[in-house]
Every structure is written in structure tokens, then in C-alpha cells.
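Please open the structure in your viewer and keep the selection panel at hand. The tour below proceeds from one selection to the next and states what is found at each.

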Amino acid sequence: MEVPTDLRTGSPPAGDGLGSSLAYLLSRAERSVNRALAAPLASEDVSVEQWRILQALADGRGHSMGELAEAALMPHPTLTKAVDRLVERAVVYRGQDPADRRKVAVFLADRGSDLLGRLEAGIAEHHRAILASYGTARTGELMRELEILVRALEG
């Protein structure tokens, strides 16, 4: 794997300790982004993880728990508890997988679609705040580079 370099000097980034760790910096960035994202979600009593689940189900196809765990970036036991809470709120439901009737899939209920609609404005404002503070071009470039990094690391 290629070592990151300072664009001006071509050398590794300055600093030592945690501040020079890519994993640490990515975790800090994720924490900051998720903290800001949690605010508009809180008005509807939705966590960031639950929002990811709802977003993954918004395609209307229904997904297995394995697919949802991957999409929502959650371990299976945590995902199961989160889906159970969403089922209790009647925003998602479990049903037969259309591709394999022996399997169970999770689907977005009408109430879940309505909930996502109510969350849209807050999510859009969160995105606008990032663009305003970091810049549209830089945000787009960062997202592209992170996608490339993920693909490289996942093989």
C-alpha cells in the first residue's frame, strides 16, 4: 500500500502519534460527520444507524439481514436490535424474500417512507453545511478518493 504524502513536499504527513494515523483521522472525521447528522435525525427519534437501514430499504426491494448489515455498516446482533425497534415503530416489516420464499427479508413500510420524507430537509441541510464549510469541489473529491480507498482495501 502506498504511504500518503504531503502534496507540497512529497513526504509523509508531518506529526506523530494519533494525528499521523489514517485510521484515527478517518474515525475522527466519521465521528464529526455523524454527530452533526444525528441532530436532524433526533427530532424523529432516529439514530444514524437506523437512518442507514431506512435508506438501504428505500429502494423497495427488501433486503436480507446480511445485506442490511453490510449496507448499514453494523454487526448482525446490533442490526437485529435496531431492526426490531424499527419493526415496533411500524416503519419496517419482515416478510418473505421475493427471490427465495424460504428466506426472510426486511422491507420499508409506508410509515417508513413517510419518516424518510420528513427527514429529507434535515439531511439536505446537513449536506449543505458540509459543502459550505469544506467546499463543494473538495467534498466531491474527498468522496471519490474515499470510494477508491474502500475499493482498494476491499480488493
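**The exposed side of α4**

Begin with P77, K81 and E88, which are exposed on the other side of helix α4 from its buried residues. The model is a predicted one, and the remarks that follow should be read accordingly.

**The whole helix**

Next, select residues 76-88, the 13 residues that form α4. With 1.5 Å allowed for each residue, a span of 18 Å is expected, and the end C-alpha atoms lie 18 Å apart, so the two values agree. Just after the helix comes A90, which has a positive phi, near 65°.

**The buried side of α4**

Now select L79, A82, V83 and L86, the buried residues of α4. These residues lie on the same side of α4, because the arc they cover around the axis is only 100°. Which elements cover them? Among those that do are α2 (48-57), α3 (65-72), β1 (92-96) and β2 (104-108). Displaying these elements together with α4 shows what lies over its buried residues.

**Where α2 meets α4**

Keep α2 and α4 on display and hide the rest. How do their axes cross? The two axes come within 10 Å and cross at roughly 75°. An angle of 65 to 115 degrees counts as roughly perpendicular, and α2 and α4 are therefore described as roughly perpendicular to each other. To see the contact itself, select Q50, I53 and L54 on the α2 side, and L79, A82, V83, R85 and L86 on the α4 side. By type, the residues of this contact comprise 6 nonpolar, 1 polar and 1 charged.

**A closer look at Q50**

Select Q50 by itself; this residue belongs to helix α2. Is Q50 buried or exposed? Its relative accessibility is 7%, and Q50 therefore counts as buried, the cut-off being under 20%. Apart from neighbours within four places in sequence, Q50 is in contact with D45, A82, R85 and L86. Of the residues just named, A82 and L86 were already met among the buried residues of α4.

**The whole protein**

Finally, restore the full view. The protein contains 6 helices and 2 strands, and from the N terminus its elements follow the order α-α-α-α-β-β-α-α. The protein has 155 residues, of which 26% count as buried. Among contacts with a separation of 6 or more, 40% are made by residues 24 or more positions apart.

Terms used:
Residues are numbered from 1 along each chain as its sequence is written. This is a predicted model: local features need pLDDT of at least 70, side-chain atom pairs count only at pLDDT 80 or more; totals for chains, interfaces and linings use all residues. Side-chain values use heavy atoms; hydrogens and water are left out. Helices (H or I, at least four residues) and strands (E, at least two) are DSSP runs, numbered from the N terminus. The expected span of a helix is 1.5 Å times one less than its number of residues. Buried means under 20% relative accessible area, exposed over 50%, partly exposed in between (1.4 Å probe, protein chains only). The arc is that of the directions from the helix axis to the C-beta atoms. Contact means heavy atoms within 4.5 Å. Axes are lines fitted to C-alpha atoms, for helices over the stretch in contact, and angles run from 0 to 180 degrees between N-to-C directions. Angles under 35 degrees count as roughly parallel, over 145 as roughly antiparallel, 65 to 115 as roughly perpendicular and the rest as oblique. Ala, Val, Leu, Ile, Met, Phe, Trp, Tyr, Cys and Pro count as nonpolar, Asp, Glu, Lys and Arg as charged, and the others, Gly among them, as polar.
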